[in-house]
Amino acid sequence: MKPTRLWSWIALAFGILYFALPLLGTLEFSLKMRRGVYSLDAYWAVLRDERFQATFSYSVIMALFTIVLGVLLVVPTAYWVQLRYRNLRPYIEFITLLPLVIPPIVVVFGYIRLYNTSSILPLTGSAMGTNILLMFGYATLSLPYMYRAVDTGLRAIDVATLTEAAESLGAGWLTIMTRVILPNVLVAVLSGAFLTFAIVIGEFVMAALLNRPAFGPYLQLIGANRAYEPAALAVIAFAITWACMGLIQLVIRFQKHTKAAR
Amino acid sequence: MSFLEIANLQKFYGPNHVVRDFDLTVEKGEFISFLGPSGCGKTTTLRMVAGFETPSDGIIRIDGQDVVNLKPNQRNIGMVFQSYALFPNMTVAQNVGFGLRVAGLPKREADARVNEMLTLIGLPDLGGRFPFQLSGGQQQRVALARALAVKPQVLLLDEPLSALDAKIRVSLREEIRRIQRDLGITTIYVTHDQEEALSMSDRIVVMNAGVAEQVGDPFEIYNKPTTRFVAGFVGTLNTFDVVLDDPARGLVSLDGQVIELRRKVDRPKGTSLSLAVRPEVISLGGGEKDDSVLKGRVTEVSFLGSVVRIRLAIGANVIMLDTFNRLHDHPPKVGETREISFPTDGILI
């Protein structure tokens, strides 16, 4: 074997160990709740816990609303930037990157200050209002991922010419968006959607500070008070994330018109 | 009144005046080509007709209606793009039927029209395929069918054959012309390929730097160019500088050899003139009785299959001529001195 190849294998093995070992350790620990044998007791304990069901359902619903908001916000924006306002691309990209550099705690304190009960728009005064605020917060957190996914999808097709072709055939903007553009960036939108889902499911800071019954604070609570259940929850969270990735691949596979690209 | 009227059309991009004083009238069913080099404004003019660009000034009328302020989807114009622009998520039949569905045509009528269009373009069995499953030529045919399905008033084609290989280009241009004639649809075709423009068009608009230099039928454009640009751009041209010896009799000399123009030239004796002759007008050898005859040294012989291209040096001028490749007629050798001849009426001053 050539020395360069050997080093490649060593680097790959190191990478796999670095990522896989902690996971394997967590998985093994999560199976050790019953003394002396491997069992799924920790998983059953978690899944039977009513708080798990409540918080997980809450986060799933929040994730779905966040995805809808993200798609409505990002797809038209990225489309217009690609079609008409290419000179604005650097600014839009900068804005979409801000959530990566501004900590969520700063964002959420800003929200609380702006939308508290004595403000013009007292969103934190009711559960529904706070949910809406949290949804906007989640949409902000997932903006870098959603925007990049959609933008990459739009760059892969000739947006301008497809739009003009549809226009010349009599189509208006709504028809163009729903029947031409969206179906052709569906995989990209779904990628962004699944990333958003993964972010929302694991988010702690915003949900905790806005005092909403989300899955993130529940994870933290269990982690502080139990031994095996947090490990089981971590494995479940990873499984959900990987299932999302698998779903993206499945969608790509079943999209007939993208087969040529693969 | 003409079916399509373009009057005093102007387009500025910032300080750049990309289309200037453009006037054109097109009759119903006519096939017009915009011919010119890259950046001459031909596509911009086409896009203004389509509604994708807004004119800085001027009028565009289709069937008497001013369309300048109409959106592209209100103009009833069919457009075929260089990059096909088929919707990748739709099958061929769905692509062709897209405009019909947008127009709200009942499904049965739309399906019948789609089948009619697919038969017209010679792809009746490919309705269920996706664009990526078709060749470039097939995709462009589908794009044509899609544009025609909605029965547009005017068909616009923006360099539709540029992305295809040479053989497909020739067959498809004949097919486009056949379909255009069959349907009698008014068509504007943008191309930088003079052969395409000459072979397909009823009339050609030769454009340069945003200006329509000449409008005429292919014969006129090729044989009677009105500007130096048109003469140089359409076809191949030999240009050489001569000295006017006798303005009254039209005698000029090229490196000491006399050429008779057989027409009076309104310039003083000794003036330097530029003459232009097409390569196919020039023959190797003495030619007919009244032809101008020049002698030169063969500098290059290129065998191009059916045609042999020969270059001769006469003083500092190089003259190119094309002769047919004949089985028993061997081309001259490089370095030989040979006579060439051309009819006087084949000379452009």
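## Helix H4 of chain B and its surroundings

In H4(B), the buried residues are B:Gln138, B:Gln139, B:Gln140, B:Arg141, B:Val142, B:Ala143, B:Leu144, B:Ala145, B:Arg146, B:Ala147, B:Leu148 and B:Ala149. The model discussed here is predicted. Since twelve of its 14 residues are buried, H4(B) is largely enclosed by the rest of the structure. The cover over these buried residues includes strand S6, helix H2, helix H3 (107-120), strand S7 (154-158) and helix H5 (166-183), which belong to chain B. Immediately after H4(B), B:Lys151 adopts a positive phi of about 50°.

Helix H3(B) is described next. Its buried residues are B:Ala110, B:Arg113, B:Val114, B:Met117 and B:Leu118. Viewed down the axis of H3(B), these residues fall within an arc of 135° and therefore line one face of the helix. On the face turned away from that buried side, H3(B) carries the exposed residues B:Arg108, B:Glu109 and B:Thr119. H2 and H4 of chain B are among the elements that cover the buried residues of H3(B). After H3(B) comes B:Gly122, with a positive phi near 80°.

The lengths of the two helices can be set against the expected rise of 1.5 Å a residue.

| Helix | Number of residues | Distance between end C-alpha atoms | Expected span |
|---|---|---|---|
| H4(B) | 14 residues | 20 Å | 20 Å |
| H3(B) | 14 residues | 20 Å | 20 Å |

For H4(B), residues 136-149, the distance between the end C-alpha atoms agrees with the expected value. For H3(B), the reach from the first C-alpha to the last is close to the expected value.

Chain A has twelve helices and zero strands. Its C-alpha atoms fill a box of roughly 70 × 70 × 30 Å along the principal axes. Of the 262 residues in chain A, 35% are buried. Among the contacts in chain A with a separation of 6 or more, 75% join residues 24 or more positions apart.

One residue of chain A serves as an example. A:Leu133 lies in helix H6 (residues 127-155) of chain A. With 21 other C-beta atoms within 10 Å, and 20 or more required, A:Leu133 is buried. Apart from neighbours within four places in sequence, A:Leu133 is in contact with A:Tyr111, A:Tyr115, A:Leu123, A:Thr124 and A:Leu210. A:Leu21, by contrast, is 112 residues away from A:Leu133 in sequence and 38 Å away in space, C-alpha to C-alpha.

The nonpolar cores come next. In soluble globular proteins, nonpolar side chains tend to be buried together. The largest nonpolar core here has 136 residues, and A:Val150 and B:Leu156 have the most contacts inside it. H6(A) provides the largest share of this core, 13 residues. Leaving aside neighbours within four places in sequence, the contacts of A:Val150 are A:Val74, A:Val75, A:Ala78, A:Val185, A:Ala188, A:Val189 and A:Gly192. A second, separate core has 16 residues, including B:Val242, B:Leu254, B:Val277 and B:Ile340.

The last topic is the contact between the chains, which takes 19 residues from chain A and 21 residues from chain B. On the side of chain B that touches chain A, strand S6 (77-80) and helix H2 (92-102) of chain B each supply at least two residues. By type, the residues on this side of chain B comprise 15 nonpolar, five polar and one charged. S6 and H2 of chain B also belong to the cover of the buried residues of H4(B).

Definitions and conventions
Residues numbered from 1 in each chain as written. Chains lettered and ligands numbered in written order. Contact = placed C-beta atoms within 7 Å. Helix = DSSP H or I, 4+ residues; strand = E, 2+ residues; numbered from the N terminus. Nonpolar A, V, L, I, M, F, W, Y, C, P; charged D, E, K, R; others polar. Expected span 1.5 Å × (residues − 1). Arc of directions from axis to C-beta. Core = buried A, V, L, I, M, F, W, Y, C linked by C-beta atoms within 7 Å.
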